[in-house]
Amino acid sequence: EELNQDALATYRRIGDQVGVANVYNNLGVAYKNACQWDKAVRALTQARDLCEKLGLTRKLARTLNNLGIVYTKTREFDEAVTHLRRARRLVQQLGDTATLVSVLNSMGRALVQAGRYSQAEKYLLQARVLAEKHHLARSQALADEFLGDMMLEQGRFDEARENYESGLRKA
């Protein structure tokens, strides 16, 4: 965190707003990984606002995905879905398949956590198909894992096991 704060001060001093946006996103991800949800939301919101102001569409989409993940972790599912839908639209416009698959997995995960299984399955299957088509093994494995989690929650034990095993083979 200290290094990010130093970088933030440096970018501000030299007037590099793109650098400031990057650091805020990095801080948000670090806070997310440390389960410091309030700090993550604050940092990612600052990154989002700067990305919007500067027209940094690709960075904005990734920041919105990170916000969606944080809101899923805090069980604020409507907020998560709102951010993830916006991220999905942006990456589709950009033609950024790798980020699209990540957003679809995030959306599926949020919807599983919210108990909206039919919607979740749609997004996770779409993520898996795109990941397979574009040889994104890690994203494929995540889609399988998240599908397995959903099926386990629904009592679909054999299907859950198949998805978990499929994900492990791809990981």
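Helices α3 and α4 run roughly antiparallel to each other. That label follows from an angle: the two helices pack at about 155°, with their axes 9 Å apart, and any angle over 145 degrees counts as roughly antiparallel. Keep in mind that this is a predicted model. The crossing has a handedness too: α3 passes α4 in a left-handed crossing. Which residues make the contact? On the α3 side they include Trp37, Ala40, Val41, Leu44 and Arg48. On the α4 side they include Leu60, Thr63, Leu64, Leu67 and Tyr71.

Look at the spacing of those numbers. An α-helix has 3.6 residues a turn, so residues three or four places apart point the same way. Trp37, Ala40, Val41 and Leu44 of α3 are among the residues in this contact.

Now step along the chain to the next pair. The axes of α4 and α5 come within 8 Å and cross at roughly 155°. Therefore α4 and α5 are also roughly antiparallel to each other. Their crossing is left-handed. From α4, the contact includes Thr57, Ala61, Leu64, Gly68 and Tyr71. From α5, it includes Phe77, Ala80, His83, Leu84 and Ala87. Leu64 appears in this contact, and Leu64 appears in the contact with α3 as well. Tyr71 likewise takes part with α5 and with α3.

One residue of α5 deserves a stop. His83 is found in this helix. Is His83 buried or exposed? Its relative accessible area is 7%, so His83 is buried, since buried means under 20%. What touches it? Leaving aside neighbours within four places in sequence, His83 is in contact with Arg48, Leu64, Leu67, Gly68 and Tyr71. Arg48 is a residue of α3. Leu64, Leu67, Gly68 and Tyr71 belong to α4.

Helix α5 has another partner. The axes of α5 (residues 77-94) and α6 (residues 97-113) come within 9 Å and cross at roughly 160°. This pair is therefore roughly antiparallel. Again the crossing is left-handed. Phe77, Ala80, Val81, Leu84 and Arg88 are among the α5 residues in the contact. Among those of α6 are Thr99, Leu100, Val103, Leu104 and Met107. Phe77, Ala80 and Leu84 of α5 touch α6, and these three also take part in the contact with α4.

Arg89 lies in α5 too. At 44% relative accessibility, Arg89 counts as partly exposed. Its C-alpha atom is separated by 10.0 Å from that of Val103, 14 residues apart along the chain. Val103 is one of the α6 residues in the contact with α5.

Turn back to α2, which spans residues 17-33. It has 17 residues and reaches 24 Å from its first C-alpha to its last. That is close to the 24 Å expected at 1.5 Å a residue. What caps its N-terminal end? Asp16 does, with a side-chain oxygen 3.2 Å from the backbone nitrogen of Val18. Several residues of α2 are buried, including Val20, Val23, Tyr24, Leu27 and Tyr31. Their cover includes α1 (2-14), α3 (37-54) and α4 (57-73).

After α2 comes Cys35, whose phi is positive. Cys35 sits in the loop between α2 and α3. Most residues other than glycine have a negative phi. The phi of Cys35 is near 60°, a positive value in a residue other than glycine. At 49% relative accessibility, Cys35 counts as partly exposed.

A second residue shows a positive phi. His135 has a phi of about 55°, although it is not a glycine. Its place is the loop between α7 (117-133) and α8 (137-153). His135 has a relative accessible area of 71%, so it is exposed.

The tour ends in α8, with Asp149. At 16% relative accessibility, Asp149 counts as buried. Which residues does Asp149 contact, leaving aside its neighbours within four places in sequence? They are Arg109 and Tyr164. Compare that with Leu136: Asp149 and Leu136 are 13 residues apart in sequence and 20 Å apart in space, C-alpha to C-alpha.

Note on methods: Residues are numbered from 1 along each chain as its sequence is written. This is a predicted model: local features need pLDDT of at least 70, side-chain atom pairs count only at pLDDT 80 or more; totals for chains, interfaces and linings use all residues. Side-chain values use heavy atoms; hydrogens and water are left out. Helices (H or I, at least four residues) and strands (E, at least two) are DSSP runs, numbered from the N terminus. The expected span of a helix is 1.5 Å times one less than its number of residues. Buried means under 20% relative accessible area, exposed over 50%, partly exposed in between (1.4 Å probe, protein chains only). Contact means heavy atoms within 4.5 Å. A polar contact is a pair of N or O atoms within 3.5 Å; within protein, one must be able to donate a hydrogen and the other to accept it, and residues adjacent in sequence count only if both atoms are side-chain atoms. Axes are lines fitted to C-alpha atoms, for helices over the stretch in contact, and angles run from 0 to 180 degrees between N-to-C directions. Angles under 35 degrees count as roughly parallel, over 145 as roughly antiparallel, 65 to 115 as roughly perpendicular and the rest as oblique. A crossing is left-handed if the near helix is turned anticlockwise from the far one by less than a right angle, and right-handed if clockwise.
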